[in-house]
Amino acid sequence: MSMILSASVVRVRDGLPLSASTDYEQSMGVQQCRKYFKTLSKKLAQLPDRCMLKAGQYNINFISSLGVSYMMLCTENYPSVLAFCFLDELQKEFITTYNMMRTNTAIRPYCFIEFDNFIQRTKQRYNNPRSLSTKINLADMQTEIKLRPPYQISMSELGSTNGFAQLSAVEFKGTGKISTAPHQRLEAITLPGIVSFILSLLCGALNLIRGFHAIESLLQNEGEDFSYVIAFFLGTAACLYQCYLFLYCTGWRNVKSFLTFGLICLCNMYLYELRNLWQLFFHVTVGAFSALQIRLRQPQGKSPDYNV
């Protein structure tokens, strides 16, 4: 019998589960599919916005939008049109119920578990297609899938390392190879992110001005230490690089952000004789705040362009 078995809502940037339906099926095949769920959750940012994985007698379908992915497990004979209409309905309700700020700042797994009530009701409706009153939407989705079919993730693209499945880079029809980190889109900029960007530019400008003043003082007094000039300019470069990391996605982005913040701390420690306690606190705090915003603004998958 064709039916939807389970569904979940996952954050794209780190695979954090936000909500999920209660699973009653405990067969070996379903247990294996749950492992695929976890693997795919960690790779959502590298995958197209609409995908399908055929796993024996089951299919895993998911769509991603605005930093959140909606995943479902169904039997292999469940119609794809119904599957993606089901996911589209979950997406619309979730976006309506929860704002992006809440999903971006969520820390605990399943912190929106109350959304399970809507998932269960919708799953029951879609497991009885005759009761559906969305024929127009089904027709629209049928056309959409024909024009832009979901990317088929093959089982050969799932490897195994230390007992965990890993997803290799795949090619998406119509777009070429999935982009690596430097070409991925980042999530939308939030107000705290804008504030951190402006403050980083301000700190960079202050360091630059103090650096030129240090050069002027060095030319007038031969006894001045040239290392202060280097420290000011290194601080300027670190602040500007934080701005770059906030705007663009690069490889090892979080590590670079942490190292840049460390450089800011070292520069301010060296300049403690030239700055008072409040100035040191301001520069270090801004550096930490910018590093946090870089960490929070992660890559996201391509947003779908249908029925949103």
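Contact here means that heavy atoms lie within 4.5 Å of each other, while helices (H or I, at least four residues) and strands (E, at least two) are DSSP runs numbered from the N terminus. Axes are lines fitted to C-alpha atoms, for helices over the stretch in contact, and angles run from 0 to 180 degrees between N-to-C directions. This is a predicted model, in which local features need pLDDT of at least 70 and side-chain atom pairs count only at pLDDT 80 or more, whereas totals for chains, interfaces and linings use all residues. Residues are numbered from 1 along each chain as its sequence is written, and side-chain values use heavy atoms, with hydrogens and water left out.

**View 1. The whole chain.** The secondary structure of the chain comes to 9 helices and 10 strands. Of its 308 residues, 46% are buried, where buried means under 20% relative accessible area, exposed means over 50%, and partly exposed lies in between (1.4 Å probe, protein chains only). Among the contacts in the chain with a separation of 6 or more, 71% are between residues 24 or more positions apart.

**View 2. An open sheet of 6 strands.** The strands of this sheet follow the order 2-1-5-4-3-6, with mixed pairing; two strands count as paired if DSSP finds at least two bridges between them. Strand 2 (17-20) and strand 6 (151-153) stand at the edges with a single partner strand each, so one side of each has no neighbour in the sheet. From one strand to the next, the twist averages 20 degrees. Strand 1 (residues 4-11) and strand 5 (residues 68-75) run antiparallel and are joined by 7 bridges, and Arg11 has Val68 in strand 5 as its bridge partner.

**View 3. Two helices across the strands.** Helix 1 (residues 28-41) lies across strand 1, strand 3 (50-55), strand 4 (58-65), strand 5 and strand 6, and runs at about 25 degrees to strand 4. Helix 2 (residues 80-97) lies across strand 1, strand 2, strand 3, strand 4 and strand 5, and runs at about 35 degrees to strand 4. The buried residues of helix 2 include Val81, Phe84, Leu87, Asp88, Gln91 and Phe94.

**View 4. Helix 8 and its two sides.** The expected span of a helix is 1.5 Å times one less than its number of residues; the 18 residues of helix 8 (residues 253-270) should therefore span 26 Å, and its end C-alpha atoms are indeed 26 Å apart. Buried in helix 8 are Arg253, Ser257, Thr260, Phe261, Ile264, Cys265, Cys267 and Asn268. These residues cover an arc of only 165 degrees around the axis, taken from the directions from the helix axis to the C-beta atoms, which puts them on the same side of helix 8. They pack against helix 7 (227-247) and helix 9 (277-296), whereas the face turned away from the buried side carries the exposed residues Phe258, Leu259, Leu266 and Met269.

**View 5. Two residues with positive phi.** Most residues other than glycine have a negative phi. Leu66, in the loop between strand 4 and strand 5, has a positive phi near 55 degrees, and counts as partly exposed at 36% relative accessibility. Trp252, in the loop between helix 7 and helix 8, likewise has a positive phi, of about 55 degrees, and is exposed, with a relative accessible area of 70%.
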